[in-house]
Amino acid sequence: MRVAGFGMSQYFTELNSVSEGAEGRWQKAQIAERIYWDKAVVGGAEFLQITAEKLRCLELVSRHAPEAIQPDYRRPKQVVEIGIGPLAVGVGNLLEPPDAWRLTAVEPQPRRDCEFPEFIMAGFRILVRRTLSYVHTKGETTGLPSDNFDLALCFNVIDHTPNWRGILVEICRILKPGGYFVLTVDTLCFASYVRWACILRWLKKSDLNVLAHPSRLTAFGLERYLPRLGLQNLFV
Ligand SMILES: C[S@@+](CC[C@H](N)C(=O)[O-])C[C@H]1O[C@@H](n2cnc3c(N)ncnc32)[C@H](O)[C@@H]1O
């Protein structure tokens, strides 16, 4: 069996060569991530689906916290997106109008090309034409200046690393006082969390979906944790 040109035996060899501990667990998740993106960069269906989810995220923000994505026509606003994905098309690329935002994208996977049908490529080209600086590194250690961004975005990322707290701390460091933070992550109910923590992550540890998610979070846990970072006026 092969996954999008990536031999499963090569995949197992790579997984087995990774060390134990949190860093090794993250590297395993990155291998699973690469396999996911091998498939997502061809065909276009996955790209369309995840782009639609990002649009829905912005719709929710505009309904509940419209000031977060309000342009300032006197100067472009600085936006950072952590874990934008190797195609460099995140929620930030969908902000309107394009000229009102300067996007910095942080992503540990190297940037990749894609092969989609022409009607999807046309939209993709428009989205990547934005002014964007791609910082190829981890979200916990961005090296970006403190108090710098008006808006931080982190869409479907923090459960892909064991060090999700490190990413949140770093975002709070680089966000300007009074800046906005839009975070999306799949959360589990308490029963599903216990099932994952006690059974799934041990019994199904070679399953790609389990490998890709070193952490699982509950909305309850996040709601209690975020204010500890100094984040205020949470809308969940
Ligand atoms: C499911 S993908 C989502 C990508 C993108 N946000 C999207 O929705 O299309 C998860 C992303 O998180 C990135 N990621 C994993 N660990 C990370 C870390 N420590 N810092 C920043 N990004 C990370 C992965 O490389 C991957 O691109």
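**Loops, strands and a ligand shell**

Asp-147 turns out to be exposed, with 11 other C-beta atoms within 10 Å; here, exposed means 12 or fewer such atoms, buried means 20 or more, and partly exposed lies in between, with C-beta atoms placed from the backbone. This is a predicted model, where local features need pLDDT of at least 70, side-chain atom pairs count only at pLDDT 80 or more, and totals for chains, interfaces and linings use all residues. Residues are numbered from 1 along each chain as its sequence is written.

Asp-147 has a positive phi of about 50 degrees, although it is not a glycine, and sits in the loop between E5 and strand E6 (149-155). (Helices, H or I with at least four residues, and strands, E with at least two, are DSSP runs numbered from the N terminus.) Asn-156 also isn't a glycine, and its phi is positive too, near 60 degrees. Its spot is the loop between E6 and helix H5 (164-174), where Asn-156 is partly exposed, with 18 other C-beta atoms within 10 Å.

Another loop, between strand E3 (77-82) and E4, holds Pro-97. The peptide bond leading into Pro-97 from Glu-96 is cis, with omega near -15 degrees.

Strands E4 (residues 101-106) and E5 (residues 132-135) run parallel, joined by four bridges; strands pair if DSSP finds at least two bridges between them. Thr-104, for instance, has Ser-133 in E5 as its bridge partner. Add helix H4 (residues 118-128), and E4, H4 and E5 make a right-handed β-α-β unit: with the strands pointing away from the viewer, the path from the first strand over the helix to the second runs clockwise.
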